[in-house]
Amino acid sequence: MIQGVIFDMDGLMFDTERLWDTLWEPACAELGLPVPDDMPRFLASGRGLAGDNLQRHVAEFIPDADPKKVLQTVWRLADERFARGVPCKPGLKELLSTLEDLAMPRIVASSSPRAMIEMNLQTSGTARYFHDVVCGSDVAHSKPAPDIFLEAARRLKLDIHKCLVLEDSFNGIRAGHAAGAVTVMVPDMAQPTPEIEQLYTRRCSSLLEVRDLLLDGKL
């Protein structure tokens, strides 16, 4: 039985993956760098990465770049854009309200920087629903490693096997599966591949469907 819920943020709670995708080109232009030759693959394979994994990803696709400078520029541009507010994904507030009614612990586990997570929670009015936040810099290894979800369960004082992980990205699904959590995919920018279909517990069309399954005792 599910005892707590671990939320990814970008693409799961907020419709921000599309916004992130628009930031790489101006960041490269600002630094005088070429954009990746295969931008769609660069964007798709980088979702959910953080820390050293993300730096290696940037270095692979933009060979002449200083990955840290690129990421600092992208994050600054993101701060400027996200400060104006981010759109919630359908069903987010309904799910959070239901979990509050059920007194089920809730935590955010996102690869994004902590300041950005907290800003998005504040501007969206969802901060009050969460007991804690785990960000990419809080763990040694970012997604697809399981560390961030294991840390989230530890902070909730729950067995990870009794936690529901909600994710939209392939790397997030890999991390949830590796952690041993009940892992549900709510697709955003990409539909699951055969590999990913073998890793998640269930696929839902929206967070409203997640809420309904929880209320029906099917998760």
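Helices and strands are taken here as DSSP runs, with at least four residues for a helix and at least two for a strand. On that basis, this predicted model has eleven helices and six strands in its chain. The radius of gyration is 17 Å, close to the 17 Å that the globule rule gives for 219 residues, so the chain is as compact as a globular protein of that length. Along the principal axes, its C-alpha atoms fill a box of roughly 55 × 35 × 30 Å.

The contacts and the burial come next. Of the contacts between residues at least 6 apart in sequence, 64% join residues at least 24 apart. Buried residues account for 54% of the 219 in the chain.

In soluble globular proteins, nonpolar side chains tend to be buried together. Here the largest nonpolar core has 54 residues, and Phe-7, Met-13, Trp-24, Leu-164, Leu-166 and Val-210 have the most contacts inside it. Helix α5, residues 67-82, supplies the largest share of this core, with six residues. Val-210 can serve as an entry point: beyond its neighbours within four places in sequence, Val-210 is in contact with Leu-95, Leu-164, Leu-166, Val-184, Val-186, Cys-204 and Leu-219. Another core, of 17 residues, lies apart from the largest one and includes Ile-107, Leu-156, Ala-179 and Ala-181.

The outside of the chain remains. Its accessible surface comes to about 9900 Å², and carbon and sulfur atoms hold 50% of that area. As for charge, the chain has 24 positive and 32 negative side chains. The centres of these two sets lie 4 Å apart.

Key: Residues numbered from 1 in each chain as written. Predicted model: local features only at pLDDT ≥ 70, side-chain atom pairs only at ≥ 80, totals over all residues. Heavy atoms only, no water. Core = buried A, V, L, I, M, F, W, Y, C linked by side-chain atoms within 4.5 Å. Buried < 20%, exposed > 50% of the residue type's maximum accessible area, 1.4 Å probe, protein only. Contact = heavy atoms within 4.5 Å. Rg over C-alpha atoms; globule rule 2.2 N^0.38 Å. Areas by Shrake-Rupley, 256 points an atom, 1.4 Å probe, with all protein chains shown as cover. Lys, Arg positive; Asp, Glu negative; His and termini not counted. Charge placed at Lys NZ, Arg CZ, Asp CG, Glu CD.
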